[in-house]
Amino acid sequence: MAGVAACVPENVVATSDIDLFSAEEAEVFNNTVGIKRRHLAAEDVCASDMCQKAADALLAELGWERESIDVLIFESVTGDYKTPPTSCILQDRMGLPETTFCLDMPMGCCGCLYAITVGSNLLTTGNVRRALLLIGDTALRMGSMKDKSRVPLFGDCGTAIALEYDPQAPEIVVDFHTLGKGYQALMTPHGGFRHPATPESFVEEDFGNGIVRAPIHTLINGMDVFAFAISRPPKSVAQFMADEEIDREKDVDYFLIHQANKMIVDRVVKKLKLPLDKVPYNLEEYGNLGGASLPSLMVTRLRDQLTSGPQRLLMSSFGLGLSWGTMSATFGPMAIPPLQYI
């Protein structure tokens with residue numbers, strides 16, 4: 001990993017600013033869920049715009065010529081259009097060569113680890129040398145603005161990761177799992193080809209407890225997601241560390257856990273008995289950033305460490321699918337420009 005960059009909207013919304021909450025409810029939410037602020041994009045700003053700004057800053061920092069980019073992966077569930085792939089649009093917008101291999105991936109919160117894995121495997125063929133991974137979402141727009149179970153959780157962010165082929169680089173070790181039968185815990189019921197959008201897709205239903213949404217909106221079954229997130233991912237991380245003979249105290253510099261919410265991250269940390277000084281958090285300021293969660297941690301919390309020398313990271317993410325993954329890698333020193341704003 002040669003570098004990483006991130007871009008967030010300038011617009012910041014505090015929990016107390018959200019109309020769905022009373023002042024008392026906002027305080028309880030801040031203390032339990034831990035998301036006090038989130039950056040929300042303007043209506044004319046897409047995930048691709050934030051990713052492009054992050055990538056432009058990263059390329060400038062690295063001094064890479066755009067003609068040298070062989071692979072462009074765009075990981076997002078909020079692409080510009082259903083078709084064509086947003087990566088193809090970005091190839092033109094960013095002035096990348098026509099020989100660039102472009103790929104879109106809609107893997108949600110687990111997307112960063114998927115993108116690194118796919119990009120790295122393409123580089124190991126020896127036919128390509130440099131890859132840009134653009135990971136970001138404007139997730140709030142997928143749901144109902146009247147859905148109290150979802151609105152306060154998400155922020156908007158776009159990130160860019162630069163990968164470069166190096167035969168001497170340390171191994172990147174990964175472990176992935178999928179529980180497809182749990183897909184309904186996180187989904188958008190209508191708008192695809194299984195259930196195309198109809199007038200009924202936009203009819204809102206009041207489910208109580210401040211949850212009002214239509215079938216066209218993304219839903220979260222909070223209890224199912226919580227139960228999944230605190231059980232299967234930590235169990236996999238524990239098995240991964242045992243298989244790879246990783247000592248949590250001696251062998252890992254930092255543990256990067258997907259910033260879903262404070263209750264989930266705290267429970268994962270407790271179950272795995274992780275040293276608290278090795279687990280950075282940024283959800284208080286940015287919320288759940290989906291696939292951009294882990295690279296945003298590198299930029300906002302570990303910039304000094306990763307730019308100064310190698311750091312062994314153990315990363316865990318989980319979400320749509322249901323899917324979850326664990327990755328161990330030593331990255332750095334790398335280029336990390338300051339956080340970008342749009």
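The following questions and answers examine how several residues of this predicted model are classified.

Q: Why is E245 called exposed?
A: The relative accessibility of E245 is 69%. Exposed means over 50%, so E245 counts as exposed. The residue is placed in the loop between α6 (232–243) and β13 (254–257).

Q: What makes E171, D243, E244 and E245 a patch of negative charge?
A: Asp and Glu count as negative, and like charges are joined into a patch within 9 Å. Residues of a patch must also have over 30% relative accessible area and no salt bridge. E171, D243, E244 and E245 gather on the surface in such a patch. For E245, the area is 69%, and the cut-off for patch members is over 30%, so E245 satisfies that condition.

Q: What is notable about the backbone of E245?
A: E245 is not a glycine, yet its phi is positive, at about 55°.

Q: Which residue in the loop between α7 and α8 (283–286) has a positive phi although it is not a glycine?
A: K273 has a positive phi of about 55° and lies in that loop.

Q: Why is K273 called exposed or buried?
A: The relative accessible area of K273 is 62%. Exposed requires over 50%, and therefore K273 is exposed.

Q: Why does Q259 count as buried?
A: Its relative accessibility is 0%. Buried means under 20%, so Q259 counts as buried. Q259 lies in the loop between β13 and α7 (262–272).

Q: How do you know that the side chain of Q259 makes polar contacts with N282 and L283?
A: The Q259 side chain reaches the backbone nitrogen of N282 at 2.9 Å and the backbone nitrogen of L283 at 3.4 Å. A polar contact is a pair of N or O atoms within 3.5 Å, one able to donate a hydrogen and the other to accept it. Both distances therefore meet the distance cut-off.

Q: What makes R150 buried?
A: R150 has a relative accessibility of 3%. The limit for buried is under 20%, so R150 counts as buried. R150 belongs to the loop between β6 (130–137) and β7 (157–164).

Q: What separates the C-alpha atoms of R150 and L272?
A: These atoms are separated by 27 Å, and the two residues are 122 residues apart along the chain.

Q: Which omega values accompany the cis peptide bonds before P84 and P333?
A: The bond from T83 to P84 is cis, with omega near 5°, and the bond from G332 to P333 is cis, with omega near -5°. P84 lies in the loop between β4 (71–75) and α3 (86–93), while P333 is found in the loop between β15 (323–331) and β16 (340–341).

Notes
Residues numbered from 1 in each chain as written. Predicted model: local features only at pLDDT ≥ 70, side-chain atom pairs only at ≥ 80, totals over all residues. Heavy atoms only, no water. Patch = residues over 30% accessible without salt bridge, like charges linked within 9 Å, V, L, I, M, F, W, Y side chains within 5 Å. Areas by Shrake-Rupley, 256 points an atom, 1.4 Å probe, with all protein chains shown as cover. Salt bridge = Lys/Arg side-chain N within 4 Å of Asp/Glu carboxyl O. Charge placed at Lys NZ, Arg CZ, Asp CG, Glu CD. Helix = DSSP H or I, 4+ residues; strand = E, 2+ residues; numbered from the N terminus. Buried < 20%, exposed > 50% of the residue type's maximum accessible area, 1.4 Å probe, protein only.
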